[in-house]
Amino acid sequence: MLFLLTPLVSLNSYCQGVDEVRKGVYGVKRQVMREVNRTRRDVRQMDRLVSSKKRTVDPEADSGDVIKWTMSPYVPNSGMIRDYDFIYTFLHAKQEYTFLHDKNLKSLEYDSVNHIFYKNIGAGEKLEEGVEVMGWHPHWMNDSYKNYPYKMLSILSYYSYDINPNTGDASNPEVIDSLRNSSIPDSTLKYGTKLYLSVTSFGRHNNRKFLSDEQSREIFITEVLNLMNERKGAFSGIDLNFEAIDSVDSPKFTQFVKQLSSRLNVAGYDLILDVPYFNRHDIFNYEELSPHVLYFNIMGYDFNGEQSLFPGSMAPLHALEGGLSLETAVNDLLVLGIPGKKILLSLPLYGVVWDITDVERGGACQYKTSLPYYQIESQYGIDYNPFYDALSGSFFYVIENDQERLACWYENGTSLDLKFRWVRSKNLRGVGLWALGYDQASLDIWNAVQDVYGAELVQVQPVETRLSGPFGLAKEILLYKNIIGLGFLVFAGFVFLGFALSLTDWRVREVLFQQQSFRIIYSLGFLILSVVGIQWWWNRDTKWDIVVGLLIGGVGVFIINYIFTKYRDQLR
């Protein structure tokens with residue numbers, strides 16, 4: 001018997017295994033179908049949102065000052081009975097909207113859920129509201145400002161007014177004269193980009209001398225105000241960059257920022273303060289400076305550079321424990337209570353090249369040079385593929401030839417896109433780019449800006465809406481439904497009073513109320529008048545309007561029937 005049972009047991013085990021596999025397959029199939037149905041549902045929902053209805057603008061056909069768009073009317077999603085949804089859609093199929101024509105307008109789009117119209121101005125035409133993209137124009141870039149993508153720039157800072165620590169005026173007057181003679185203010189005004197004057201002071205000795213001299217500070221403030229006032233309305237303020245401040249001079253710097261900010265605000269200008277990625281010795285008193293500064297701009301570059309012992313990212317997003325990074329730089333300000341909307345994070349458009357020829361033989365790395373982005377791509381991008389470092393979120397080239405072995409760390413469109421999105425996740429105000437012109441208007445760089453900060457859809461209101469026929473009537477009914485509801489209540493009150501008075505005459509009672517069916521019809525009619533009147537007139541809490549209407553109608557019906565019964569009993 002045992003030799004017979006063994007195959008049966010094996011067969012039974014095999015069948016159970018098949019059943020389990022079948023159940024597993026069916027379970028997976030059910031799970032997949034649920035996901036498919038959920039996806040289909042989400043797609044249907046998205047179809048009802050933005051872009052489900054679109055009016056493409058044809059430059060040849062739409063050549064007038066306005067654009068007309070005929071479409072199905074807006075139906076509030078709050079109940080067919082209350083808002084006449086059925087009347088909206090059944091009695092009127094179309095509604096005409098008129099919009100002002102815009103030279104940048106590509107199409108009109110409709111959010112059918114929230115009843116909002118948008119104009120699509122096309123990619124690369126505008127930044128989102130409430131974000132800042134800042135760039136610096138170094139004076140040595142000469143006329144490159146003529147090719148900047150101003151529509152993707154909200155702030156341009158002219159670099160720079162260098163402070164003479166002995167006098168307070170500019171130590172580079174030829175650069176200031178170049179600014180006066182350039183058409184940069186015209187370009188920024190044309191595109192609505194805010195123009196700032198970058199002011200710099202470098203070195204502990206120079207900073208101490210300037211900050212300690214009250215007369216030099218006063219001369220400086222007077223000079224920069226006069227310079228900006230020469231082109232009234234062109235400048236928005238100053239971008240202040242003091243580097244290498246001694247710890248003993250920190251209170252003097254704070255006092256200077258307060259003094260400068262006060263004078264600027266009186267004249268209608270703002271102050272942006274450039275700060276290092278690490279606040280060594282707490283030189284910058286952020287809590288005290290914050291009320292006097294529009295934005296803190298973190299200079300998020302040169303983490304590795306000329307003074308570094310080893311090659312590395314110039315703007316590492318993350319670092320090993322204890323290391324400095326963009327993450328630690330931003331978090332240092334956030335933990336102090338500085339709002340994210342008051343912080344800009346600037347990133348480099350250049351890279352650093354190290355000579356690593358002797359590293360494998362135990363030798364040291366040597367800083368070789370810094371190169372702008374366009375030069376890195378033209379020199380190395382053709383013959384080499386860059387490597388990606390996930391920790392820093394940066395790219396680097398390894399270049400080998402017969403004479404030397406080089407490493408070049410830099411940022412490109414992909415790494416900047418990653419860091420822009422990280423900046424958005426931290427709810428910061430925006431980003432800065434040092435420096436404009438180093439990219440030669442690279443599509444990779446500015447596509448990253450556009451993808452993260454660009455706004456194609458801009459909310460717009462129709463200048464005219466044409467209503468007609470029953471749809472217009474229904475719209476008017478909704479507009480004045482509070483008054484109509486009050487009218488229903490007044491009418492119900494007169495019905496109640498009229499019937500109450502008529503019951504005093506036995507002949508009226510016998511004619512109108514002898515049949516119980518009439519009393520039921522009258523009671524229902526009065527109840528409906530009360531419910532509709534309260535529901536349309538009541539604006540406080542729609543959860544209670546029907547309840548209140550039923551209570552009032554019910555009390556009225558009870559009183560009428562009570563009076564009728566009382567009079568009838570008296571006749572008996």
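This text walks through the pockets, the cavity, the surface patch, the unusual backbone sites and the salt bridges of a predicted model.

Start with the open space. The largest pocket has a volume of about 1200 Å³. Its lining counts 38 residues. Closest to the centre are Glu243, Pro276, Tyr277, Met299 and Asp302. Four elements give two or more residues each to this lining: strand 9 (235-243), strand 11 (295-299), strand 13 (350-355) and strand 14 (366-372). Strand 9 supplies the largest share, three residues. By class, the lining of the largest pocket holds 21 nonpolar, ten polar and seven charged residues.

The second largest pocket encloses about 500 Å³. It is lined by 22 residues. Nearest its centre lie Glu125, Lys126, Leu127, Lys151 and Tyr191. The lining of this second pocket divides into ten charged, seven nonpolar and five polar residues.

Now turn to closed space. The structure holds one cavity of 30 Å³ or more. The largest cavity contains about 40 Å³ of space. Its lining is made of Pro276, Tyr277, Phe278, Asn279, Tyr286, Ile298, Ala329, Asp332 and Leu333. Pro276 and Tyr277 have already appeared among the residues closest to the centre of the largest pocket, and they line the cavity too. Helix 10 (residues 326-334) gives the most to the cavity lining, with three residues. Seven residues of that lining are nonpolar, one is polar and one is charged.

The next stop is on the surface. Leu486, Val490, Phe494 and Trp537 form a nonpolar patch there. Together they offer about 390 Å² of accessible area. Helix 15 (residues 481-502) is the main contributor to the patch, with three residues. Val490 is found in helix 15. With a relative accessible area of 43%, Val490 is partly exposed.

The backbone comes next. Most residues other than glycine have a negative phi, and most peptide bonds are trans. Four sites here deserve a look against that background. The peptide bond from Tyr159 to Ser160 is cis, and its omega is near 0°. Ser160 sits in strand 7 (residues 155-162). A second cis peptide bond links Trp434 to Ala435, with omega about 5°. Ala435 belongs to the loop between strand 18 (430-434) and helix 13 (443-453).

That loop between strand 18 and helix 13 also carries Gln440. Gln440 is not a glycine, yet its phi is positive, near 55°. Gln440 is partly exposed, at 49% relative accessible area. Ala244 likewise has a positive phi, about 65°, without being a glycine. Ala244 lies in the loop between strand 9 and helix 8 (250-266). At 34% relative accessibility, Ala244 counts as partly exposed.

Finally, the charged contacts. The structure holds 21 salt bridges. One of them joins the side chains of Glu128 and Arg424, at 3.1 Å from N to O. Glu128 lies in the loop between strand 5 (116-120) and strand 6 (132-138), while Arg424 lies in helix 12 (residues 413-425), so this pair ties together parts that are 296 residues apart in sequence. Are the two partners buried, exposed or partly exposed? Glu128 is partly exposed, with a relative accessible area of 29%. Arg424 is partly exposed as well, at 31%.

Another bridge pairs Arg405 with Glu360, the closest N and O atoms being 3.5 Å apart. Arg405 is in strand 17 (residues 405-410) and Glu360 in the loop between strand 13 and strand 14, so the bridge ties together parts that are 45 residues apart in sequence. Strand 13 and strand 14 are also among the elements that line the largest pocket. Arg405 is partly exposed at 24% relative accessibility. Glu360 is exposed at 67%.

Arg361 forms a salt bridge with Asp358, and their closest N and O atoms are 2.4 Å apart. Arg361 counts as exposed, with 64% relative accessibility. Asp358 is partly exposed at 37%. The tour ends with a linked group: Asp177, Arg180 and Glu230 belong to a network of salt bridges.

Technical notes
Residues are numbered from 1 along each chain as its sequence is written. This is a predicted model: local features need pLDDT of at least 70, side-chain atom pairs count only at pLDDT 80 or more; totals for chains, interfaces and linings use all residues. Side-chain values use heavy atoms; hydrogens and water are left out. On a 1 Å grid over the protein atoms alone, a cavity is a set of points where a 1.4 Å probe fits but cannot get out, and a pocket is an open set with protein on both sides within 12 Å along at least five of seven lines; lining residues have an atom within 4 Å of a point. Grid points are joined across faces, edges and corners, and a volume is the space filled by probe spheres set on the points. Ala, Val, Leu, Ile, Met, Phe, Trp, Tyr, Cys and Pro count as nonpolar, Asp, Glu, Lys and Arg as charged, and the others, Gly among them, as polar. Patches are made of residues with over 30% relative accessible area and no salt bridge: like charges are joined within 9 Å, nonpolar side chains (Val, Leu, Ile, Met, Phe, Trp, Tyr) within 5 Å. Accessible areas come from the Shrake-Rupley method with a 1.4 Å probe; for residues, only the protein chains shown count as cover. A salt bridge is a side-chain nitrogen of Lys or Arg within 4 Å of a carboxyl oxygen of Asp or Glu. Buried means under 20% relative accessible area, exposed over 50%, partly exposed in between (1.4 Å probe, protein chains only).
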